[in-house]
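Here is a short briefing on one protein model and its ligand. Look at the ligand's surroundings, then the cysteines, then one strand and its partners.

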Amino acid sequence: MIDFAIPAEHAALRERVAAFISDVVIPAEPRDLGPHGLADGLRAELQDAARRQGLLAPHVSPALGGLGLDMRGQAIIFETAGYSILGPQALNCAAPDEGNMHLLSVVASPEQRARYLEPLAAGRARSCFAMTEPAPGAGSDPSMLATAATRVGNDWSISGRKWFITGAEGADFAICMARTDASIANGRGATMFLVDADNPGWRIERVVDAVDRSFPGGHAELIFDECRVPHDAILGEVGEGYRYAQVRLAPARLTHCMRWLGLARRALDVALDRANEREAFGSRLGELGMVQAMIADSVIDLETSRALIWQCAWVLDQGRRGGRESSIAKAHVADAVWRIVDRSIQICGSLGVSGDLPLARIATEVRPFRIYDGPTETHKWSIARRELRNRRQP
Ligand SMILES: Cc1cc2nc3c(=O)[nH]c(=O)nc-3n(C[C@H](O)[C@H](O)[C@H](O)COP(=O)(O)OP(=O)(O)OC[C@H]3O[C@@H](n4cnc5c(N)ncnc54)[C@H](O)[C@@H]3O)c2cc1C
């Protein structure tokens, strides 16, 4: 049975996080002016403030200084933090570090945990996750992985090109996915490597000029050129990269849904305020039927999104993989968030597309979410295939 009751400690934490976001984080938003992501100085300042209030790393185990929330707790707190674009960065629960922390906590050796996970959880390091490649390499279809790692004595040598790697510029290390078997088949043949930033075998060729700019370091194109790493740089076991990618991706795409849902709520609140104030044709905007329809559709999108997120969070908390549920949530929430923000802009008229309100900026931040962590169409394709298969073999 799914229990959606919010425990008292989560409700109390939500109050504290909401106050922190409105009193500390939202006032800092005008200082977030970098072209490729939040400046590391502002990020550190906000994280210091969160640390002082005992709000840092809500998803991390208390042994590593976090709050140890399960997925249902994260759903509540990440949505609350997401009310500001800067909120998840302030709490150190933003992508890609949050997903990497989860992956490392499940797969890393004790030495790797001490070296990579501990500083990441404490906010003393940043990381990136390097999987996607330009054509003809891996994108929606991870089996097209072209970056290759070959064994050289006790080392491995990695060569290939990655792009759209969030946070690579300024990261302390990368988790790089490479093929270690010429014939990738049956979900095997790829391996994850931990590559330090000061390794001379990889470099940033450029930071891509993407529409969003809230991720520190932006999204970079990387070249691995016979990049040598020792055997103990392997995360987990050789050949298990695709399996670990699933360990990371199902919860990571859900936590993205949680954070962006918070920002969609902010967009709707801005539109509600405008609809309550602005008058046209002898009434308030909010009294016009078509504006009310847009508001109602957005409320329905918000509530259905939250229900799907909580359902999937519950499934993951039961120790199940949640592949089906996280695909359904991702496909619905990414599109619903986009619709909510677009309707909010429409309700605000010209002001909605201006810099006087946060809506235009919010739109550019949420639009790529329909593409990364699996485009909507890829998830729908996988949902349909699974359903057809289950019907054939109940
Ligand atoms: C802002 C941003 C940040 C990112 N950060 C990272 C990162 O940190 N690390 C990383 O490794 N990658 C990252 N990515 C890459 C992202 O994961 C890929 O863009 C995504 O997997 C899609 O791959 P692609 O862009 O190559 O699209 P393609 O594979 O070329 O697909 C293009 C389009 O084809 C359609 N399509 C795909 N599959 C199907 C299907 N089965 N059925 C029907 N239509 C389909 C979809 O409409 C899709 O948008 C990021 C991307 C963006 C935009």
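A polar contact is a pair of N or O atoms within 3.5 Å. Keep that cut-off in mind for the ligand. The model is predicted.

**Contacts of the ligand**

- A nitrogen atom of the ligand is 2.8 Å from an N or O atom in the side chain of Thr166.
- The side chain of Thr132 also offers an N or O atom, and a ligand nitrogen is 2.6 Å from that atom.
- Met131 takes part through its backbone: a polar atom there is 2.9 Å from an oxygen atom of the ligand.
- On its own, the ligand has 980 Å² of accessible area, and the protein covers 66% of that area.

**The shell around the ligand**

- Two elements give two or more residues to the shell: β3 (155-166) and α11 (376-392).
- How many residues surround the ligand? There are 18, and the closest are Phe129, Thr132, Ser140, Phe164 and Thr166.
- Sorted by class, the shell holds 9 nonpolar, 6 polar and 3 charged residues.

**Cysteines without a bond**

- A search of the whole structure finds 0 disulfides.
- Why does Cys128 form no bond with the closest cysteine sulfur? That sulfur belongs to Cys176 and is 8.7 Å from the sulfur of Cys128, which is too far for a bond.
- A disulfide needs two cysteine sulfur atoms within 2.5 Å.
- Cys227 also has its closest cysteine sulfur in Cys176. The distance is 7.6 Å, so it is too far for a bond.
- Cys128 is buried, with a relative accessible area of 0%.
- Cys227 counts as buried as well, at 0% relative accessibility.

**Strand β5 and its partners**

- Is strand β5 (residues 190-196) mostly covered or mostly uncovered? The strand is mostly covered, as 6 of its 7 residues are buried.
- Strand β4 (residues 173-179) runs antiparallel to β5, and 7 bridges join the two.
- Find Ala174, then look across to β5: its bridge partner there is Val195.
- Strand β8 (residues 234-235) also pairs with β5 in the antiparallel sense, over 2 bridges.
- Here Phe193 stands opposite Ile234 in β8.
- In a regular strand, side chains alternate between the two faces of the sheet.

Technical notes:
Residues are numbered from 1 along each chain as its sequence is written. This is a predicted model: local features need pLDDT of at least 70, side-chain atom pairs count only at pLDDT 80 or more; totals for chains, interfaces and linings use all residues. Side-chain values use heavy atoms; hydrogens and water are left out. A residue is near a molecule or strand if one of its heavy atoms lies within 4 Å of it. A polar contact is a pair of N or O atoms within 3.5 Å; within protein, one must be able to donate a hydrogen and the other to accept it, and residues adjacent in sequence count only if both atoms are side-chain atoms. Accessible areas come from the Shrake-Rupley method with a 1.4 Å probe; for residues, only the protein chains shown count as cover. Helices (H or I, at least four residues) and strands (E, at least two) are DSSP runs, numbered from the N terminus. Ala, Val, Leu, Ile, Met, Phe, Trp, Tyr, Cys and Pro count as nonpolar, Asp, Glu, Lys and Arg as charged, and the others, Gly among them, as polar. Buried means under 20% relative accessible area, exposed over 50%, partly exposed in between (1.4 Å probe, protein chains only). Two strands pair if DSSP finds at least two bridges between them.
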